[in-house]
Amino acid sequence: MSTEEFKACPLQPLPIRLTHWIAVPVLVLMAGSGLQIYAAYPELGPRGAQYAWFPLQGKTPPAWLRFGGWLAGARHWHFALAWCLILNGVAYLAYLFARGEWRRRFFLPHRDLGNAISMFLYYLRIRPTPPPVDFYNGLQRLAYTSAIIFGIVVVMSGLALYKPVQLHFLTVPFGGYDGARTVHFIALWLLVLFFLNHVVLVALHPRELLNMITGGRRE
């Protein structure tokens with residue numbers, strides 16, 4: 001590929017943009033249906049031995065956050081959407097590795113740790129100027145890579161909940177059914193925190209949103 005052809009390529013290739021925008025509604029609906037399932041038993045831990053550390057025991061999520069109408073309906077939606085999420089995630093990761101995009105998008109500690117710390121200090125107004133960045137800064141790479149890890153944990157723990165006996169090799173590492181349910185719930189909220197942080201960063205850097213819509217162009 002010539003220099004001119006490289007510069008003509010979009011910053012955000014079409015497959016990455018498509019999988020990104022497909023993931024948004026799927027994750028929102030999955031979170032809503034998951035909370036509807038959780039509302040059927042809003043406790044963490046086995047019955048009669050709930051986890052003392054969990055502060056929201058017995059607190060049902062508000063109706064406006066839930067999706068699916070009732071337990072069975074929410075389960076149907078949740079598991080149907082789960083396959084959409086898995087296929088979308090596999091397509092995204094396959095493209096990243098096939099095209100080598102993972103090198104500039106994934107967090108690599110030897111390359112990005114110092115930059116991530118410097119950027120964090122800049123956001124806290126402790127550092128007066130931002131550190132130099134290339135495609136993403138270290139903090140962005142850390143956030144995006146963490147989101148992928150959270151997503152994998154959500155899928156693995158979700159499969160353990162879906163078929164706890166048949167997929168016991170997944171259920172056991174999570175500490176059984178109740179452990180898998182707890183990990184699944186916590187990973188969901190970590191994804192929510194990532195999403196909220198992502199929205200804030202996009203508000204601070206609106207050009208990134210435009211690039212994710214149009215693809216953008218290299219300088």
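Biologist: What makes Arg105 and Glu101 a salt bridge?

Modeller: In this predicted model, the closest N and O atoms of Arg105 and Glu101 are 2.8 Å apart. A side-chain nitrogen of Arg must lie within 4 Å of a carboxyl oxygen of Glu, so the pair qualifies as a salt bridge. Glu101 also meets the side chain of Arg104 in a salt bridge, at 2.7 Å from N to O. A search of the whole structure finds five salt bridges.

Biologist: Why is Glu101 called buried?

Modeller: The relative accessible area of Glu101 is 9%. Buried means under 20%, and Glu101 is therefore buried. By the same cut-off Arg104, at 16%, counts as buried. Arg105 is buried as well.

Biologist: How do you know whether Asp134 and Arg141 are buried or exposed?

Modeller: Asp134 has a relative accessible area of 53%; because exposed means over 50%, Asp134 is exposed. Arg141, at 3%, counts as buried. These residues form a salt bridge, with the closest N and O atoms 2.6 Å apart. Both belong to a network of salt bridges that also links Arg111 and Asp112.

Biologist: Why is the aromatic pair of Trp53 and Phe54 called edge-to-face?

Modeller: The search of the whole structure finds 14 aromatic pairs. In the pair of Trp53 and Phe54, the planes are at 75 degrees and the centres are 6.0 Å apart. Centres within 6.5 Å make a pair, and planes over 60 degrees apart count as edge-to-face, so both conditions are met. Trp53 is exposed, at 52%, whereas Phe54 is buried, at 9%. Ring pairs join both residues to Tyr38, Tyr51, Phe185 and Trp189 in a cluster.

Biologist: What makes the pair of Phe135 and Tyr136 tilted?

Modeller: Their planes are 45 degrees apart, with 4.4 Å from centre to centre. Stacked requires under 30 degrees and edge-to-face over 60; the angle of 45 degrees satisfies neither, and the pair is therefore tilted. Phe135 and Tyr136 are buried.

Biologist: How do you know that Arg47 lies over the face of Tyr41?

Modeller: Arg47 is placed at 4.1 Å from the ring centre of Tyr41, and the distance cut-off is within 6 Å. Lys163 likewise lies over the face of Tyr162, at 5.2 Å from the ring centre.

Biologist: Why is Ile186 called partly exposed?

Modeller: Ile186 has 37% relative accessibility. Partly exposed lies between the limits of 20% and 50%, so Ile186 is partly exposed. Ile186 is in helix 8 (residues 176-204). A nonpolar surface patch includes Ile186 and Trp53, and its residues together have about 660 Å² of accessible area.

Notes. Residues numbered from 1 in each chain as written. Predicted model: local features only at pLDDT ≥ 70, side-chain atom pairs only at ≥ 80, totals over all residues. Heavy atoms only, no water. Buried < 20%, exposed > 50% of the residue type's maximum accessible area, 1.4 Å probe, protein only. Lys NZ or Arg CZ within 6 Å of the ring centre and 35° of its normal. Patch = residues over 30% accessible without salt bridge, like charges linked within 9 Å, V, L, I, M, F, W, Y side chains within 5 Å. Areas by Shrake-Rupley, 256 points an atom, 1.4 Å probe, with all protein chains shown as cover. Helix = DSSP H or I, 4+ residues; strand = E, 2+ residues; numbered from the N terminus.
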